[in-house]
Each structure stands twice: as C-alpha cells, then as structure tokens.
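Here is a short report on strands, cysteines and a pocket. Have the sequence and the model open side by side.

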Amino acid sequence: MTADPVAIARELIRCRSVTPEEGGALDYLQGVLGRAGFAVHRATFTESGAAAVDNLYARIGTDAPNLMFAGHTDVVPPGDEAAWKHPPFDGEIAAGALYGRGAVDMKGGIACFVAAALDHLDASGGKPKQGSLSFLITGDEEGIAVNGTIKLLQWAAARGETFAHCIVGEPSSHEVLGDTIKAGRRGSLSGTLIVSGRQGHVAYPDRADNPIRGMAALISALQGPLDERSEHFDSSNLEFTSVDVGNRTVNLIPAEARARFNIRYNDRHSATALKTLIERRAQAAAADRVHYSFDWQPSNADVFLTKPGPFTELAAAAIAEVTGRNPKLSTTGGTSDARFIKDYCPVLEFGLVGQTAHHVDECTPVKDLATLTAIYRRIIERYCA
Ligand SMILES: [Zn+2]
C-alpha cells in the first residue's frame, strides 16, 4: 500500500500549530512514524523570556549513514481568517490545489518525506536497506528559533546521534517544482552606526557640530555592494534600514544621529572579518572629522555553502529522473534552520514551490505533492541502497 502525502498534509494543516503551539501536529507525526517502526522522541525546550517549545526526533535503523530530514510543523499566523477563500486550518482541496496555512511552508514538504519514507520501508521489509532514516522536526522555526533546531541538535548529539547528510524540506523551488536546490545561504549581520556631534542653535552652525553631516558621509561610504560576487554567491551588500535623529525641533542641531543596517554577506567574509572591513571603511571616510562608533548585534547566521559533490549530485539526479529538470544550486534568499544543521553535517534544502508561503490562501498543486514524494523516494533509495 502506498502512503498518501495529500492525506498526511491535510491532517497536519488541520492542526493549529501557530508558533509556539504544538497544535497536535507533532502528536500526529509521532503516531504515524511510531506505527512505521521509528523510535520517536519528544523534547521540550525552555529559555527565560521565550515560550517553551515541543520538538520531535525520530529514527529508524541503527547503522550509519543516517540520512536526516529536517523541518518545522509550526506556521505563521493566518492573519484575518475572513480574508481566506479556503479556511487556513481546514485543508480544503479546490481546482487541484491543497489550501491551508503551511501547505508549502512546510507541512506539505514534511508529508511528502513521511510518505516517501513509509513507501521505502514498505518495499524493503520494514527497515532501511542500509543505514538509517531520521526526522528532526521543530515547532520553533517561524518564531525566534531559540527552543527549536539549535537545541534539538545539541540534544541529539548528547545522545550520541550522528548525521551523515540532511535535507531540509523548506519550499526551495522557485517557479516550478525541481528548479532549485538551496545549497547554502548568505550570512546576516546587523548593527547600528552612531555619530556624535555637538548640539547647538541652527543659526550658529559654527558653534555646533552637526552629526547628520558626518552620518551622510559615512552612509555613502558604507552602503551598497561590498565585493564582487563569488563563485556560488551574489555580492555582499550593506543596506541601511533606518536613520534616526529623533529631533522635533526646527532650530536645533542635534547631538547624535543613529543608523541601523543589515549586511547579507557571501563566503568571501566571516562575520569578524566583515566587522573589521566596515570599521576600516568608516575610519577612512571619517578622516578624524567625524566621531562615530558601531554597536554590532550578536548573530547566529553565518554564511555557509554545501559544495557541489556526491550528495548534491544524488539529489539533482533524483530530481532530474522524476521531473526532467536539472535543478539550479542557489544560495539566495533569507536564512533558515539549515544554518544550524550545517555544523553537524552537509545540508541541502529542497521542497515545494514557495511562492504562496506566508500568504493568504497559501496552497500547493496536489500533483506537486505526489511528484515531491517521488523525488524524496528516489533520494532515499539512492542513499539507502
Ligand atoms: Zn519554513
């Protein structure tokens, strides 16, 4: 009997698992995977100032290599539910599409990997032909992500779990299923630039030191591309997102100006080297005339790249076999939990078309669920054979 990814996806969508609520989604997966012979563990993590979050780890097989599938059952809120043509937590099918919050991000992807794993186990006598299969599923990806994947990986490592490779089932496809694998992400680093001057009357600028002049000089020296693109990445970019003086008075030169910025950076930099580069550029532009300082925010989103090799080739071959498409290896877009997993094993992100993620009437073509299941099945077979 073949497992039905559409039925699994509908069950998951019907769970109201808006971060940090478990909503029954992990309970459901625990039941399905447990019945298929997986050893299923639940782990709740806490941290002061953040909601406690429930997570799940399941494994079948004890041998290496352990192929891990990673994902999240939590979803972003639906917003105004009346704005949805198809209610966000009903899992309705209309005109060949499955609707609901999480249909593409990413209950649909989880359903496909579960169905692919069940089919594989069914065909191979109830356990992987070789190695192990595991699921690392968090309920804290769409929130602040402190009680999810990062702690679940530490928990698994403390139990002696090791991972050979990982596929994150985020909706990586761009226009059509199979066109894109995400094989890395740019790093993200944020900070505030503070320029200080001397307050004074606007009619006597010689008796004051206007920090806005210095801020303008530093902004034009710092903003924009920071390098040429690298082999696998776009160029690094510094973007100012807010410039603040907070001055409500028309005849006053303010004492201080602040500007917030974010840098998306490629593999030519580390976060530390990047700070040094930015501080040097600021120093050159300031030329002892402008008094400034930087306040850097802590970051856990370093750049990473899973280099093309046997694992990327295996995934690309499975996609080509099922869809006839040769996927592009991409590193564009925002960060994901892959940034934590890359410290444990090589990781790729591959899943549904992400265009309606976080939108009203989020949906996926039903046929994409069947196709993605077939792709995951090929990946598992090539991996475990
Ligand atoms: Zn997601």
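## The E1–E2 hairpin and its neighbours

Strands E1 and E2 make a hairpin, with 2 residues between them. Gly49 sits in that turn and has a positive phi of about 90 degrees. This is a predicted model.

E1 covers residues 39-47 and runs antiparallel to E2, joined to it by 8 bridges. Glu47 stands opposite Ala50 of E2. On the pairing itself, the general rule is short. Strands of a sheet pair through backbone hydrogen bonds, in parallel or antiparallel fashion.

E2 also pairs with strand E6, residues 132-138. That pairing is antiparallel too, over 5 bridges. Within it, Tyr57 has Leu136 of E6 as its bridge partner.

Why is E2 largely enclosed by the rest of the structure? Strand E2 spans residues 50-60, and 8 of its 11 residues are buried, so the rest of the structure largely encloses it.

A separate set of 3 strands forms an open sheet, in the order E4-E5-E20, with antiparallel pairing. Its edge strands are E4 (93-94) and E20 (363-365), and each pairs on one side only. E4 meets E5, residues 97-99, over 2 bridges in the antiparallel sense. Ile93 has Leu98 in E5 as its bridge partner.

The strand pairs described above compare as follows.

| Strand pair | Sense | Bridges |
|---|---|---|
| E1 and E2 | antiparallel | 8 bridges |
| E2 and E6 | antiparallel | 5 bridges |
| E4 and E5 | antiparallel | 2 bridges |

## Cysteines

How many disulfides does a search of the whole structure find? It finds 0. Cys166 is in no disulfide, and the nearest cysteine sulfur, that of Cys345, lies 5.2 Å away. Why is there no bond from Cys345 to Cys166? A disulfide needs the two sulfur atoms within 2.5 Å. The sulfur of Cys345 is 5.2 Å from that of Cys166, its closest cysteine sulfur, and is therefore too far for a bond.

Are these two cysteines buried or exposed? Cys166 is buried, with a relative accessible area of 0%. Cys345 is buried as well, at 5%. The cut-off for buried is under 20%.

## The largest pocket

The largest pocket has a volume of about 390 Å³. It is lined by 20 residues. Closest to its centre are Glu170, Pro171, Ser172, Lys182 and Arg185.

Which classes of residue make up the lining? By class, there are 12 polar, 7 charged and 1 nonpolar residues.

Definitions and conventions: Residues numbered from 1 in each chain as written. Predicted model: local features only at pLDDT ≥ 70, side-chain atom pairs only at ≥ 80, totals over all residues. Heavy atoms only, no water. Buried < 20%, exposed > 50% of the residue type's maximum accessible area, 1.4 Å probe, protein only. 1 Å grid on protein atoms, 1.4 Å probe; cavity = no way out; pocket = protein on both sides within 12 Å on 5 of 7 lines; lining within 4 Å. Points joined across faces, edges and corners; volume = space filled by probe spheres on them. Nonpolar A, V, L, I, M, F, W, Y, C, P; charged D, E, K, R; others polar. Pairing = 2+ DSSP bridges. Helix = DSSP H or I, 4+ residues; strand = E, 2+ residues; numbered from the N terminus.
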